[in-house]
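Let's practise backing up structural labels with numbers. Have a look at the model below, and we will ask how each label is earned.

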Amino acid sequence: MIRKMVWTAALLLSGMTGAQAWGASVLQCVPYARTVSGVDLYGDALNWWDQADGRFKRGHAPKKGAVLAFRAFGPMALGHVAVVSRVLDDRRILIRHANWSVPGAIEEDVLAIDVSDQGDWSQVRVWHSPTGQMGARTNPTFGFIYPSKAKLHDFTPDPALGASIRFARVDADRWDREGAPVRAVRTAQAIVEAKAERRGRAPHLRTDPAILQFADNAPVERSLSAIIADVKRETMVN
């Protein structure tokens, strides 16, 4: 039983739900990203990068309104797409996306960080709202697809696109204010840089800022908090 709970929690921590693996009964990442970004592409998320060739500019630098296209990887069999809502620095952006942390959930202005060796956004980690921390899994990406006009469009839930909830939202302004979130980022970065220096490697920015503000939080799985609590208790016991 404990092993099963640990396995379940590991999936939750990894940010495992991205892409359309949960079926058509919930809002998928593709229609959400298409509406918010204005990038008029269709089909599975893993095909967006190739579809954009010749229609939209593509690159490896984040820009507001751009679509970050994820490769198919592990449980993300159909890839994933997210929209950049704000560029914080070379390694950190805020994104808006759907069907990632929880089936059908809309997450607005949550953190994604570049953990690639070359700083080209080919490997990212993404905020996992149920646990209030960065997801444990490193996700490979194709890069960014740039719309003809960089603009974030409002998304109005539509039952025809599947059930959805607004699960969580980050107060983006807090990233620029002095305080606990900023100190947490600096502390985490300093630790990683020190470890990287000892290994003789270029440092990666890895951060776990506690800045999540829940809004209209309606857990999809009632047992989520219980599973996480049990795993934590088991970890402490062992």
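Q: What makes the pair Arg91 and Asp114 a salt bridge?
A: In this predicted model, the closest N and O atoms of Arg91 and Asp114 are 3.3 Å apart. A salt bridge needs a side-chain nitrogen of Lys or Arg within 4 Å of a carboxyl oxygen of Asp or Glu, so the label fits.

Q: Which parts does this pair tie together?
A: Arg91 lies in the loop between β3 and β4, while Asp114 is in strand β5, so the pair links parts 23 residues apart in sequence.

Q: Why is the contact of Arg96 with Asp109 called a salt bridge?
A: Here the closest N and O atoms are 2.9 Å apart, and the cut-off is 4 Å, so this pair qualifies. Arg96 belongs to strand β4 and Asp109 to strand β5, so parts 13 residues apart in sequence are tied together.

Q: How do you know whether Arg96 and Asp109 are buried or exposed?
A: Buried means under 20% relative accessible area. Arg96 has 16%, so Arg96 is buried. Asp109 has 6%, so Asp109 is buried too.

Q: Why do Arg92 and Asp89 get different labels for exposure?
A: Their side chains meet in a salt bridge of 2.7 Å, N to O. Arg92 has a relative accessible area of 10%, so Arg92 counts as buried. Asp89 has 29%, which falls between 20% and 50%, so Asp89 is partly exposed.

Q: Why can helix α2 be called largely enclosed?
A: Eight of its nine residues are buried, so the rest of the structure largely encloses α2. What covers those buried residues includes α3, β2, β3, β4 and β5.

Note on methods
Residues are numbered from 1 along each chain as its sequence is written. This is a predicted model: local features need pLDDT of at least 70, side-chain atom pairs count only at pLDDT 80 or more; totals for chains, interfaces and linings use all residues. Side-chain values use heavy atoms; hydrogens and water are left out. Buried means under 20% relative accessible area, exposed over 50%, partly exposed in between (1.4 Å probe, protein chains only). Helices (H or I, at least four residues) and strands (E, at least two) are DSSP runs, numbered from the N terminus. Contact means heavy atoms within 4.5 Å.
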